[in-house]
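Trainee: Could you take me through the packing of this model and show how each conclusion is reached?

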Amino acid sequence: AAMASEASLLAKLEQAELRFGLADDEKLAKLLDPALPNILGFLASSSAQVRSKVMAILSHLNKRLKGDTSIALPLRALSKQFLNPATVSFVGNFSLVYIEMGIGRVPASERGRIVSPLLVGASQRTAQQQETLLQLLIAALPSLPLPTTAAQIDESLPFLHGDERQADRKLVLAWLLDLLLYMPPLTRTLPAAENAP
């Protein structure tokens, strides 16, 4: 039965790969909405053949996505997958990669609503995930509303509010302080006379 289900799954993945390959860019975006998070979930499969097929599909998708930045990615579904505690970390890492790839494809006004919930629990993530999440925060900063009440903080900046978020708040604020204090190295242009031997 396990062999039959693996064969059935491989056949479905083959069909998905074919649909992706034949779809024009506009249709591809519509196919990705339910499909991409589901396909990423199969990276947790115990079958090496299934994981290999998923990686082949993702390789094809990456070529298409990097070639056309107008193809929208299903950021809400990928965010939900990333935030789900039951998601295997390998799958979560891939979800985050596609979130990072897709954040520049949505209007700036939507970025804050997508990124803000991702920062909840950021202090418990790996250092690499933290760095990616904080980079996403930079992309979203212009669209984050400035709250005037505690209720607005809960709604728009959930990673900053509440005692249980103290570690997240400390991480984000320390990173933002480092960013503000960063001084790029000064480059000095020498006059032509000083450059002469």
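The exchange below turns to the core, then to one helix, then to the surface.

Trainee: Which residues have the most contacts inside the largest nonpolar core?

Mentor: The model is a predicted one, and its largest nonpolar core has 48 residues. Helices α1, α2, α3, α4, α5, α6, α7 and α9 each supply at least two residues of this core. Those with the most contacts inside the core are L58 and Y98.

Trainee: Leaving aside neighbours within four places in sequence, which residues is L58 in contact with?

Mentor: L58 belongs to the pair with the most contacts inside the core, and Y98, the other member of that pair, is itself among the contacts of L58. With sequence neighbours within four places left aside, the full list is L36, I39, L40, L43, F94 and Y98.

Trainee: Why do the buried residues of α4 lie on the same side of the helix, and which residues are exposed on the other side?

Mentor: The buried residues of α4, which spans residues 75-83, are L75, L78, S79, Q81 and F82. They cover an arc of only 160° around the axis, and therefore sit on the same side of α4. These buried residues pack against α2, α5, α6 and α7. On the other side of α4, the exposed residues are R76 and K80.

Trainee: About how much area does the nonpolar surface patch made by I138, L141 and L179 have?

Mentor: I138 lies in helix α7, residues 127-140, and is partly exposed, with a relative accessible area of 31%. Because a patch residue needs over 30%, I138 qualifies on accessibility at 31%. Together with L141 and L179, I138 makes a nonpolar surface patch of about 210 Å².

Definitions and conventions:
Residues numbered from 1 in each chain as written. Predicted model: local features only at pLDDT ≥ 70, side-chain atom pairs only at ≥ 80, totals over all residues. Heavy atoms only, no water. Patch = residues over 30% accessible without salt bridge, like charges linked within 9 Å, V, L, I, M, F, W, Y side chains within 5 Å. Areas by Shrake-Rupley, 256 points an atom, 1.4 Å probe, with all protein chains shown as cover. Salt bridge = Lys/Arg side-chain N within 4 Å of Asp/Glu carboxyl O. Helix = DSSP H or I, 4+ residues; strand = E, 2+ residues; numbered from the N terminus. Buried < 20%, exposed > 50% of the residue type's maximum accessible area, 1.4 Å probe, protein only. Arc of directions from axis to C-beta. Contact = heavy atoms within 4.5 Å. Core = buried A, V, L, I, M, F, W, Y, C linked by side-chain atoms within 4.5 Å.
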